Structure formats: structure tokens, C-alpha cells
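Colleague: I'm new to this one. Could you put it up and walk me through it?

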Amino acid sequence: MTITDPIADMLTRIRNALLAKHETVLIPLSIMKKSIAEILLKEGYISGIEEVGEGIQTYIKLTLKYGQKNRPAITGIKRISKPGLRIYSGYDKLPKVLNGMGIAVVSTSKGIITDKQARAEKIGGEVLAFVW
């Protein structure tokens, strides 16, 4: 089965695993998904990344993070730019997620970075997702 939007599939797998209170989630490996996972780790939304499997059946194993009273660190995750409707933004027009409480994941010419990094480096790009 071919997935038309692998980033939306990744975000949906994370969202479903959080709702089911799983400790880990497996996501098929790609460079873009790994970059997004590294941003989530750096920003403190997940607690670990590990590559499992070999060859064509390689996955990223994300260890999800929960806080007090078993509440997930990620309360919301949303795909913004879709294959049918791409959303691009200049660095000065990048959206702030919950007035800076969340992050926007942006694909730029310098790789996949957060909205805060894009503003600091003064580069725009495609707004991939919001995480809060």
C-alpha cells in the first residue's frame, strides 16, 4: 500500500499512540521523518529516538513522553501543508503556535527547523506541522 502523505501518517501514528497511552511508536524511516523526530526530541516533546530493523524494513522507534498524572507532553499535533495544498511562508510571516507555547515545523533550504530558528536565521519555507 502506498502512502500519499508520509508526514501526515507519521503525525497520525504519534497522535494515536498518545491517545492509547503507548510508550513507543514505530514509524517507517525516511530522512524527513527522522529530522522531524529529532526536532521533537530537541524541543522536549518525546524522550527518545532509535532506528530499528534493517534494509527496506527500517523504522524509527519513538519513545513518547508523559508528565504528571500520565498526561502526554504533546497535547496537539496538526499537519498544515498538505500535498494538495502547500503552505509557504516568509520568515516574517511564520505563524506562532499558541503565542509561542508550541512550535511550527518548517522545511527550509537549510533543512527542517522550528519556526523560532527560521525567524532567527531569517529564512522562510514550507510550514509542515504545528506541535503543542
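Modeller: Sure, one term before we start: helices (H or I, at least four residues) and strands (E, at least two) are DSSP runs, numbered from the N terminus. This is a predicted model, where local features need pLDDT of at least 70, side-chain atom pairs count only at pLDDT 80 or more, and totals for chains, interfaces and linings use all residues. Residues are numbered from 1 along each chain as its sequence is written, and side-chain values use heavy atoms, with hydrogens and water left out.

Colleague: Where does Leu94 lie?

Modeller: Look at strand S5, residues 88-89, and then at S6. Leu94 is in the stretch linking them, which is a loop.

Colleague: Is Leu94 buried or exposed?

Modeller: Buried means under 20% relative accessible area, exposed over 50%, and partly exposed in between (1.4 Å probe, protein chains only). Leu94 falls under the first cut-off, so it counts as buried, at 6%.

Colleague: Which residues is Leu94 in contact with, leaving aside neighbours within four places in sequence?

Modeller: Contact means heavy atoms within 4.5 Å. One of the partners is Asp115, 21 residues away in sequence but 6.6 Å away in space, C-alpha to C-alpha. The full set is Ser89, Val106, Asp115, Ala118, Arg119, Ile123 and Val127.

Colleague: In S7, what is the bridge partner of Ser107?

Modeller: Two strands pair if DSSP finds at least two bridges between them. S6 (residues 103-108) and S7 (residues 111-114) pair in the antiparallel sense over four bridges, and a hairpin of two residues joins S6 to S7. Within S7, the partner of Ser107 is Ile112.
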